[in-house]
Amino acid sequence: MNNVAGLLGLLVILALTILIGVYSRKFSRTTSDFYVASRAARPWWNASAIGGEYLASASYLGVAGLIAVAGRNALLIPLGYTAGFLLLLMFVAAPLRRSNAYTLPDFAQARFGSLAVRRVTAIVSIMICGTYVVPQLHGAALTVEVAAGLPPWTGSAAVAAVVCLTVVTGGMRSITFVQAIQFWFKVAAMAFPLAFMAFALMGRENGLAAVSMAFERLPGDSAEASPYRTVSLLMALILGTIGLPHVLARFYTSPDGGSARRTGTIVPCLVAGFYLLPMSYGVLGRAFMPAVRQGEADALVLLLPDLLLDGVPGAALSAVVAAGAFSAFLATTSGLIVALAAVVSQEFFHSDVAGFQWAAIISSASTLAVSLFTSSVSLVETVALIFAFSAATIVPMLILGIWWPRLTPSGAAAGMISGGSLVVTALVIHTIMGSTAGPVSDLLAQPAAWAVPTSFAIMIAVSLTSKPTNPARVERFMRQIHRPDFELPAKSHRKRDNTWT
Amino acid sequence: MDLNDGPGGLVLAMLGFLVLGLAGTAVFLLVKRRAARHASEGFAPPPLNSISSLLPYFRAAFEPGKSDRLAARLAGLLQLDAVAVADLDGIVGAHGVGADEFECVRAIAERQLAIERNQVHRHRGNPGDGASCSDPYCPQKSYATIGIRVEGRPVGTLCALGTSLSNNQVRALSDMCRLMEAQLSLRELKHARALLEEAEVDSLRAQISPHFIYNALNVIATFIATDSVRARKLVIEFANFTRYSFRKAGRFTSLADELRAIESYVLLQEARYGSRLKVTLQISPESLSARIPYLSLQPLVENAIRHGVESAEGDGHIQIKAHEEGALTVVTIEDDGAGMDPDRLRAALAGNLDGHHVGLSNVDTRMRRAFGDEFHLIIDTAPGEGTLITLRIPKLQRDLKD
């Protein structure tokens, strides 16, 4: 019964995604009015679309699970995911939009005028996007297993195939409208079951009391938690958000720097609002599923409605949550595959439609292969490592590149390469050594706190010792990205009357 | 002993000649060795790599700030005490020229300019003797000035001063001048190419203006009496369109801005053709921020209106669409008018047929230049079948210079 409802929910979402993919062209407005046609996407829509693309498996499933397992410390994680957007808004959004760069390699080339830095940035972007798809597919595998009782690989394969299909046939792509709807669907799919659960708890004896006691019944910290790990994890999440290629590509839709900034202002509000939901699930999970262990924790959100509500409503609401999760995987994977295929086709194929399609196929196939041969212990942990990698590579390049004219191509390349290798080396050693308590293990498990400053320092040091190349070009670029937008005089005659058209 | 007879006199004479010959050879060898030593002490031509590092300085020879550095590099490379670069107005950059010598150098440079001949002037001893310098106590012992000419007209001079200038130094300096002339010509060529690109946009503007302005003003005139409100609006549209199409800023514009200009254009054309002209748009919001070459769509819309309405019976329907295809923005402009003969069109695009396809080939050329050869126009047409023009604009802009 439960499995049937879950399967139904997942199939409906897959079918809807394919349908939207097929009919997506209809979403462009057909009109004979130029004023309507040349109206850009509103910042609200754009912000919702960013939320749709950003909030992925780790946010939808992982956060709640981690709160249930690790207690209070984990409450800081949504803060990290959200605060990153504030930095993005303050330091990156508007200048990046004014640089007219569509991908990060484009920005690198425009800023540094160096093919070598462009290639390094491209490879780093490919690594970030590629590894970020993997936890999405893991999330899909978990969801299929828990909600529909099917073998896990079917979930990964279904998401990869549907995304590949819609991207290749000209479907979902980066259509603002579709991604924005996905965001609000995710909100609804978590909020409705939560509301029902809240009503049920209010009716139950001791229901609300149990919730209020959630953090007192169990020791708050697991063995591995330490202040250093929490700080380093937060740093990775906050800084890493700035360097996510698929989020940055969305800002290209904004017509100018000011509009990009307005969009950037709305995003943290939407994202913060959303995180109240998985946090509530986490608290409920801690109150009512105290035996949950790491490794199973990611399934908490999917199990909770069935646990707290009996019979048909429980099964139905579980299915709704599972459908929301699937929509999250589909939206994020689609955004990532588009960003990935754009970079891959640009660097290794012709940047035409066929090259883009081949790149999309190769990207989804290879990430699917990787996800089938790996398994995820905790979605939040996996994603945090990707964020740490982004924070140690792309982020110093972006922030110094935008705000420090003296940053030289060799400095940027040296910082990105050394920052990336530090993070990867730390993780490899940590994996070989195995996870233990103690400062060395802490440093290796969460490398962001030392790798990011090192990367910044190397960029600055190498830049100061190397000769600036073509300072006039850099100065021109700086003027372009920091100049406020000009408002054209308002066109009063655009108020339409239809008497003569 | 009688010198006049016997072999004794002959021997003596031969000895005398021998001594003279030996002495002559010795003197010759001595002089030759001294000359050789002098030459080897003086100067060896600079290696190629240090010359090539000078090329960027040559291109900026007369820019303030840069010419000082050029003079310094030249002085170092050619082992000269002082080097000065002068353009037509006077000295712009100098190295090693003290304040008291400056007047002297200026006088030398001006004298060289006055000669207007492309040759080396070399003076030994006090230049004051040659009446070239007003200062009779000029400390520089010798100097050389070489005129710099680009495309036959003098643009400046290069002056070298030294306590003793060797022939080799002067020759090297003269070679440097030739190199500098080549670099300066190259710069002029680049400038000329930029001017040509601007001229191509200008030619588009010129093509828009006469007929369109005439027709637009005529149509506005007819409305002034019958519908003055509409006439006023049309005048504003006309002003908007001309402001856009005659603006001077930038080679690129956003799709949104180009569409706004096309709106004004279409409104004016609608006023002329009335209900015969119908324009439909289908633009995805994501594509609005695409950067396209300035005035790349308007000529195509103009073309579509001409073929869709002017040369066909009945209503003309024009569709403008824009959407995303991966990393491309694809814009299509379609009319259901008379269409064109593909062979004639091909000839027109190749530039063999002048006439009213100038707009098409102009847009094609500018697209290729802006984004690369693979981003040419795609035109689907046949006589009587209408015309579909597709532009593909990469969102990834590799070499977009604006």
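Visitor: Which residues of H15(A) do Val159(A), Val162(A), Val163(A), Thr166(A) and Val167(A) in H8(A) meet?
Guide: A word on the model before the names: it is predicted, local features need a pLDDT (the predictor's confidence in each residue, from 0 to 100) of at least 70, side-chain atom pairs count only at pLDDT 80 or more, and totals for chains, interfaces and linings use all residues. Residues are numbered from 1 along each chain as its sequence is written, while chains are lettered from A and ligands numbered from 1 in the order in which they are written. Helices (H or I, at least four residues) and strands (E, at least two) are DSSP runs numbered from the N terminus, and two residues are in contact if their C-beta atoms, placed from the backbone, lie within 7 Å. With that in hand, the partners in H15(A) are Phe329(A), Leu330(A), Thr333(A), Ser334(A), Ile337(A), Val338(A) and Ala341(A).

Visitor: How many nonpolar residues does the contact of H8(A) with H15(A) have?
Guide: Ala, Val, Leu, Ile, Met, Phe, Trp, Tyr, Cys and Pro count as nonpolar, Asp, Glu, Lys and Arg as charged, and the others, Gly among them, as polar. Sorted this way, the contact has no charged residues, three polar ones and, as the nonpolar count, nine.

Visitor: What is the relation between H8(A) and H15(A): oblique or not?
Guide: Axes here are lines fitted to C-alpha atoms, for helices over the stretch in contact, and angles run from 0 to 180 degrees between N-to-C directions. H8 (residues 152–168) and H15 (residues 311–348) of chain A pack with their axes 10 Å apart, at an angle of about 55°. Angles under 35 degrees count as roughly parallel, over 145 as roughly antiparallel, 65 to 115 as roughly perpendicular and the rest as oblique. The pair H8(A) and H15(A) is therefore oblique.

Visitor: Which hand has the crossing of H8(A) and H15(A), left or right?
Guide: A crossing is left-handed if the near helix is turned anticlockwise from the far one by less than a right angle, and right-handed if clockwise. For H8(A) and H15(A), the crossing is right-handed.

Visitor: At what angle do helix H5 and helix H11 of chain A pack?
Guide: H5 covers residues 76–98 and H11 covers residues 227–240. Their crossing is right-handed. The axes lie 7 Å apart, and the angle is about 35°.

Visitor: And how many residues in the contact of H5(A) with H11(A) are polar?
Guide: H5(A) brings Leu76(A), Ile77(A), Gly80(A), Tyr81(A), Ala83(A), Gly84(A) and Leu87(A), while H11(A) brings Thr230(A), Leu233(A), Leu234(A), Leu237(A), Ile238(A), Leu239(A) and Gly240(A). Ten of the residues are nonpolar and none is charged, while the polar ones number four.

Visitor: Is Asn100(A) buried or exposed?
Guide: Asn100(A) sits in the loop between H5 and helix H6 (104–112) of chain A, and its phi is positive, near 60°. Most residues other than glycine have a negative phi. A residue is buried if 20 or more other C-beta atoms lie within 10 Å of its own, exposed if 12 or fewer, and partly exposed in between, with C-beta atoms placed from the backbone. Asn100(A) has 21 such neighbours, so it is buried.

Visitor: How many C-beta neighbours inside 10 Å does Leu295(B) have?
Guide: Leu295(B) is found in the loop between strand E8 (291–293) and helix H9 (298–310) of chain B. Although it is not a glycine, Leu295(B) has a positive phi of about 55°. Leu295(B) counts as buried because its C-beta neighbours number 23.

Visitor: What percentage of the residues in chain B is buried?
Guide: Chain B has eleven helices and twelve strands, whereas chain A has 22 helices and one strand. In chain A, 54% of the 501 residues count as buried. Of the 402 residues in chain B, the buried share is 36%.

Visitor: Which residues of chain A have a pLDDT below 50?
Guide: Chain A has a mean pLDDT of 81, with 86% of its residues at 70 or more. Where pLDDT is low, the predicted coordinates should not be read in detail. The stretch below 50 has five contacts beyond near neighbours in sequence, and it covers residues 487–501.

Visitor: What ipTM does the predictor give the complex?
Guide: Chain B averages a pLDDT of 76, and 76% of its residues score at least 70. For the complex, the pTM is 0.72 and the ipTM is 0.70.
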